[in-house]
Amino acid sequence: MASPLSKDLREKYGVRSMPIRKDDEVLVVRGTFKNREGKVTQCYRKKFVVHVERCVADKVNKSQVPVGIHPSNVVITKLKMDTDRLALLGRKRLDKDAGASTETEVNMAGVD
């Protein structure tokens, strides 16, 4: 489950989206919880939703239940960095750079 990065993070890392995970900070951009910021408390892969800290619904018995939000409806504002994430960013950047060079080679192949 991947989510887009904020504009600041896009410029910093040179990547458009990243897989979302627990403890990332996100901003909800669509739905009833629009413009709410919070930390991801759970990634529910079976239902393809994430639970964000301050996005809850009140039940009749006064208890609160986390509301699932689709990962495409949030923007990651702060990544929880570790070695695996750094390696992933490195691989994604290399793929992006390698893809640009191969496109020019393919275009030049038709010139002959």
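**A walk through the sheet and the core**

Hi everyone, let's start with one residue, Ile69: leaving out residues up to four places away in sequence, Ile69 touches Val28, Phe33, Val49, Val50, Val52, Cys55 and Val74. Before I go on, please keep in mind that this is a predicted model.

So where does Ile69 fit in? The largest nonpolar core has 18 residues, and Ile69 is among those that touch the most other members, together with Leu5, Ile20, Val26 and Ile76. Helix 1 (7-13), strand 3 (25-28), strand 5 (49-58) and strand 7 (74-78) each give this core at least two residues. Which element supplies the largest share? That is strand 5, with three residues. As general background, nonpolar side chains in soluble globular proteins tend to be buried together.

Now let's visit Leu5, another of those core residues with the most contacts to other members. You'll find Leu5 in the loop between strand 1 and helix 1. Leu5 counts as buried because its relative accessible area is just 1%, and the cut-off is under 20%. Setting aside neighbours within four places in sequence, Leu5 is in contact with Arg10, Val15, Arg16, Ser17, Met18, Val75, Ile76 and Leu79. Take Arg16 from that list: Leu5 and Arg16 are eleven residues apart in sequence, and their C-alpha atoms are 5.9 Å apart in space.

Ser6 sits in the loop between strand 1 (2-4) and helix 1. Is Ser6 buried or exposed? Ser6 is buried, at 14% relative accessibility. Not counting residues up to four places away in sequence, Ser6 touches Val75, Ile76 and Thr77.

On to the sheet. Five strands form an open sheet in the order 6-5-4-3-7, and their pairing is antiparallel. Strand 6 (64-69) and strand 7 are at the edges with a single partner strand each, so each has one side without a neighbour in the sheet. From one strand to the next, the twist averages 55°. Looking inside the sheet, strand 4 (residues 37-44) and strand 5 run antiparallel and are joined by four bridges. Val40 has Val52 of strand 5 as its bridge partner, and Val52 is also one of the residues that Ile69 touches.

Last stop, the cysteines. How many disulfides does the structure hold? The count is zero. Cys43 is partly exposed, with a relative accessible area of 25%, whereas Cys55 is buried, at 1%. And Cys55 takes us back to where we began, as one of the residues touched by Ile69. Thanks for listening!

Technical notes
Residues are numbered from 1 along each chain as its sequence is written. This is a predicted model: local features need pLDDT of at least 70, side-chain atom pairs count only at pLDDT 80 or more; totals for chains, interfaces and linings use all residues. Side-chain values use heavy atoms; hydrogens and water are left out. A nonpolar core is a set of buried Ala, Val, Leu, Ile, Met, Phe, Trp, Tyr and Cys residues joined through side-chain atoms within 4.5 Å. Buried means under 20% relative accessible area, exposed over 50%, partly exposed in between (1.4 Å probe, protein chains only). Contact means heavy atoms within 4.5 Å. A disulfide is a pair of cysteine sulfur atoms within 2.5 Å. Two strands pair if DSSP finds at least two bridges between them. Axes are lines fitted to C-alpha atoms, for helices over the stretch in contact, and angles run from 0 to 180 degrees between N-to-C directions.
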